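Me: I have a protein model open and would like to understand the words people use for it. Could you go through them with me?

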Amino acid sequence: MTDSICPSGWHIPTDEEFTELTDFLGGDAGGKMKETGNAHWTGVNIDNSSNSSGFTALPGGYRYPGGFYYMETHGWWWSSSESGSYSWSRGLFGGHTQVGREVANINKGFSARCVRDYVDDCGVTNGDNSTCLDNCGVINGDNSTCSLEDDCGVLNGDNSTCLDDCGVP
């Protein structure tokens, strides 16, 4: 999935970003993501969709060689996480609150959702803070908060307290 389909400052979410969203929403994540009511979803909206996330998912089905399918009952969205001719996707379904996850051949036609870029605490666009963690896991840290013992057993020591005359611990 190419990011060139999104405007500047936006991107197609990764599989990990979709997982972060659904984990944050917890149980019934699909219901929290779907538009309320039956204006676009066919049939009775028996799953009590709340759209409490503000995602306002609409059904769009998908295109596959030979036609379009489930246009009013399913919604599928691409992630930017590709592997060869496949990419991870997420799906929502009328009457259900679960979120589907599948790796699909990119010749399918799913919807695309652009999300705003962000800058992590390390200054990396769409980063995960991993580039500036110290050995203690602290962002932009100086290793002073972790319990690292030297060879002499001294917390944050430099081995100087147990060196012999030859400098050996």
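Me: How do the residues of the lining of the largest pocket divide into nonpolar, polar and charged?

Reply: Happy to help! Keep in mind that this is a predicted model. The lining has six nonpolar, two polar and four charged residues. Glu and Arg count as charged, and the lining includes E17, E20, R113 and R116. Gly counts as polar, and G54 is one of the lining residues.

Me: Which helix gives the most to that lining?

Reply: Helix 1 does, with four residues. The space in this pocket comes to about 330 Å³.

Me: What makes W76 and F93 an edge-to-face pair?

Reply: Rings pair if their centres lie within 6.5 Å, and planes over 60 degrees apart count as edge-to-face. For W76 and F93 the centres are 5.6 Å apart and the planes are at 75°, so the pair meets both conditions. W76 belongs to strand 4 and F93 to strand 5, 17 residues apart.

Me: Why is the pair of W76 and F110 called stacked?

Reply: Planes under 30 degrees apart count as stacked. The planes of W76 and F110 are at 20° and their ring centres 5.5 Å apart, so this pair is stacked. Both W76 and F110 are buried.

Me: How do you know that the charge of K108 sits over the ring of Y64?

Reply: The charged atom must be within 6 Å of the ring centre and within 35 degrees of the ring normal. The charged end of K108 is 5.6 Å from the centre of the Y64 ring and sits over that ring. K108 also lies over the face of Y62, 5.1 Å from the ring centre.

How values were computed: Residues are numbered from 1 along each chain as its sequence is written. This is a predicted model: local features need pLDDT of at least 70, side-chain atom pairs count only at pLDDT 80 or more; totals for chains, interfaces and linings use all residues. Side-chain values use heavy atoms; hydrogens and water are left out. On a 1 Å grid over the protein atoms alone, a cavity is a set of points where a 1.4 Å probe fits but cannot get out, and a pocket is an open set with protein on both sides within 12 Å along at least five of seven lines; lining residues have an atom within 4 Å of a point. Grid points are joined across faces, edges and corners, and a volume is the space filled by probe spheres set on the points. Helices (H or I, at least four residues) and strands (E, at least two) are DSSP runs, numbered from the N terminus. Rings of Phe, Tyr and Trp (its six-membered ring) pair if their centres lie within 6.5 Å; planes under 30 degrees apart count as stacked, over 60 as edge-to-face and the rest as tilted. Buried means under 20% relative accessible area, exposed over 50%, partly exposed in between (1.4 Å probe, protein chains only).
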